Amino acid sequence: MQPVLKVQALSKSFQSRAGIFKRKHIAVLRDISFAVGPGETLAVIGETGSGKSTLAKLLAGADAADCGQILLDGKTIEDNGVRKNQCRHIRMIFQDPTRSLNPGLTIGDMLDDCLKYNTDLTSSQRDKKIKLTLSRVGLLGEHYQYYPHMFSGGQLQRVALARALILDPKVVVLDEALSSLDPSVRAQTVNLLLKLQKDSGLSFILITHHLSLVKHMSDQLLVLSRGKIVEYGNTAAIFAKPQSKVTQRLLNV
Amino acid sequence: MAKFSLFSEESNRSPLSRLWRKFKSNHPALVALWVFIALTLLAMTAPFIAPYGINQQHSDALLLPPSWHDLGDVRFILGTDDLGRDVLSRLMNGATFTFGLSIIAALITTLVGVFLGTLAGVSHGFRSSALNHLLDITLSIPSLLLAIIIIAILGPGLLNTVWAIIFALLPQYVHSIRNLVVDELNKDYISAFRLDGASQWQLLTRGVLPNIYEHIVVIFTMALSTAILDIAALGFLKLGAQPPTTEWGAILAENLGLIYLAPWTVGLPGVLLFIAVLSTNLVGDGLRQVLKERKAD
């Protein structure tokens, strides 16, 4: 089966000033390659500073890579740091939904903007689509008129999910999106995500440090350490028999 | 999905109406707002509702005290000055000059300041630091002194005062707006909005502006109180409005020699200035406090 998302030799480094004229390059990601099939979930784990969040940003298009390619459905969408189309097929859900939603706009306006910038739908079509998406993530059509401050944390994460899903993406990147939720709400959200995945064949890239979540949700596992892949393969296999020291430490065996 | 409303409309409030609800419970600020509105209306209508013309002289009624005094005359409620001019009419018209012109100056400053501040906020690298350091230098000069310097170049006069005040207020304004814009642009929801496909213009108008316009109003009130004081101070120093213009500061300066003989001609414009600045500051302060409270909950 052809993978939905394929990443080839992705690298990213940041510059920092080391002296007046000297600049230091810090490589955050080195030579990252992986592939995700339709309806699959890839989990990315690693220590703090291992480049997990940078990877999420690169995939979503919030930041440009130095070199390497990102392929979606076999077509190159990013080549050596040049992004081709708008990022509507890979959507990202941020870590903290209270900060990733504009406090000055209603939920409906925000979703409407999303559609307006990316599709040619008429205003009544957009309305219908927003209502549909809200009900897909377990919210009501009435929430259209609500401002972000009126929601609880779990509901806000659903709004963030609605924002990601409204453009019918193929891949959703969850950057620690579930860790700020309390356990029961997290369980609800996970079930919702799995249901959506089963219904529409979404692929998830789950960036997290929750091992139980990784075990429960993911098909493949990628372990990052200092910007490099130290282990990549079937989740169950890695959990059963971690090869590298880093993975063993992370998995606590 | 079933058609039913789970949530009452009461809790469904926009950030703006939440702001107003909190503001209403702050009574000093609310009273100040009414005074502010009254002064604004007075500034707009004074020439039409004043009982006498500003230069109309009554030779039979020189230096009359206010009407509640034994020697007062009910025709001149707040008395007359040494030329027999009605103090009430002059003070009412003064609102147009001192208060009205200050509002216009502050409004123009807001327009230019928001434009330049946003430009400074979105620029990077050399352009941004050049603009900022230039503004920092001008910030170190007090606004009144800066206005006096500009008056020295342009020459005295009421219109020049307005220009001088606009230029003097601008650095601070641009600085504040720039900080607001930069703060807002670094927030997560802006990068999320950018990922939605929003252009730079949409980022500013839909992302940043709805979240800072209340702060702009606060900065506006601060600029307004400075503008009122500066216009009056320049009028008092005979650099701004020239007599017989009825600017409050100019009236004060004109009648300063009468302070023992006819204290009402000096005291009343002073009281009005005080009320104007106090009400503006109270509104701005109340607004700022309410914004802070809203952020907290």
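# Exercises on a two-chain model

Cys67(A), a residue of strand 4 of chain A, is the bridge partner of Ser11(A). The model is a predicted one, in which local features need pLDDT of at least 70 and side-chain atom pairs count only at pLDDT 80 or more, while totals for chains, interfaces and linings use all residues. Residues are numbered from 1 along each chain as its sequence is written, and chains are lettered from A and ligands numbered from 1 in the order in which they are written.

## Exercise 1. Confidence

Find the mean pLDDT of each chain and the elements at the two extremes.

Step 1. pLDDT is the predictor's confidence in each residue, on a scale from 0 to 100. Its mean is 85 for chain A, where 98% of the residues reach 70 or more. Chain B has a mean of 88, with 96% of its residues at 70 or more.

Step 2. Helices (H or I, at least four residues) and strands (E, at least two) are DSSP runs numbered from the N terminus. In chain A the lowest mean, 74, belongs to strand 6 (residues 82–83), and the highest, 91, to strand 9 (residues 203–207). In chain B the lowest mean pLDDT is that of helix 4 (residues 125–139), at 82, and the highest that of helix 2 (residues 27–49), at 94.

Step 3. For the complex, the predictor gives an ipTM of 0.82 and a pTM of 0.84.

## Exercise 2. The open sheet of chain A

In what order do the five strands of the open sheet in chain A lie?

Step 1. Two strands pair if DSSP finds at least two bridges between them. Strand 1 (residues 5–17) and strand 2 (residues 23–36) of chain A run antiparallel and share ten bridges. Bridge partners across these strands include Val7(A) with Phe34(A) and Phe14(A) with Ile26(A). Five residues form the hairpin connection from strand 1 to strand 2 of chain A.

Step 2. Strand 1 of chain A also runs antiparallel to strand 4 (residues 67–72) of chain A, with five bridges between them.

Step 3. The full order in chain A is 2-1-4-5-6, with antiparallel pairing. Strand 2 and strand 6 of chain A are at the edges with a single partner strand each, so one side of each has no neighbour in the sheet.

Step 4. Helix 1 (residues 52–60) of chain A lies across strand 1, strand 2 and strand 4 of chain A, at about 65 degrees to strand 2. Such angles run from 0 to 180 degrees between N-to-C directions, and the axes are lines fitted to C-alpha atoms, for helices over the stretch in contact.

## Exercise 3. Helix 5 of chain B and two other helices

Describe how helix 5 of chain B packs with helix 6 and with helix 8 of chain B.

Step 1. Chain B has ten helices and zero strands, and its C-alpha trace spans about 80 × 55 × 30 Å along the principal axes.

Step 2. The axes of helix 5 (residues 143–154) and helix 6 (residues 158–185) of chain B are 8 Å apart, and the packing angle is about 135 degrees. Helix 5 of chain B is therefore oblique to helix 6 of chain B. Angles under 35 degrees count as roughly parallel, over 145 as roughly antiparallel, 65 to 115 as roughly perpendicular, and the rest as oblique.

Step 3. The crossing of helix 5 and helix 6 of chain B is right-handed (the near helix is turned clockwise from the far one by less than a right angle; anticlockwise is left-handed). Among the residues in this contact are Leu146(B) and Ile150(B) of helix 5 and Trp163(B) and Phe167(B) of helix 6 of chain B. The contact has eleven nonpolar, three polar and no charged residues. Here Ala, Val, Leu, Ile, Met, Phe, Trp, Tyr, Cys and Pro count as nonpolar, Asp, Glu, Lys and Arg as charged, and the others, Gly among them, as polar.

Step 4. For helix 5 and helix 8 of chain B the angle is about 50 degrees and the axes are 10 Å apart; the two are therefore oblique to each other. This crossing, too, is right-handed. Ser143(B), Leu144(B), Ala147(B) and Ile151(B) of helix 5 meet Thr226(B), Asp230(B), Ala233(B) and Leu234(B) of helix 8 of chain B. By class, five of these residues are nonpolar, two polar and one charged.

## Exercise 4. Backbone exceptions in chain B

Where is the cis peptide bond at Pro244(B), and where does Leu63(B) lie?

Step 1. The cis bond joins Pro243(B) and Pro244(B), with omega about 5 degrees. Pro244(B) sits in the loop between helix 8 (200–236) and helix 9 (248–254) of chain B.

Step 2. Leu63(B), although not a glycine, has a positive phi of about 50 degrees. Leu63(B) is in the loop between helix 2 and helix 3 (87–122) of chain B.

## Exercise 5. The interface

How many residues of each chain are in contact across the interface of chain A and chain B?

Step 1. Contact requires C-beta atoms, placed from the backbone, to lie within 7 Å. By this rule, 28 residues of chain A touch 22 residues of chain B.

Step 2. On the chain A side, helix 2 (97–100) and helix 3 (107–118) are the elements that give two or more residues. Helix 3 of chain A gives the largest share, four residues.

Step 3. The chain A side divides into 14 nonpolar, nine polar and five charged residues.

Definitions and conventions: Contact = placed C-beta atoms within 7 Å.
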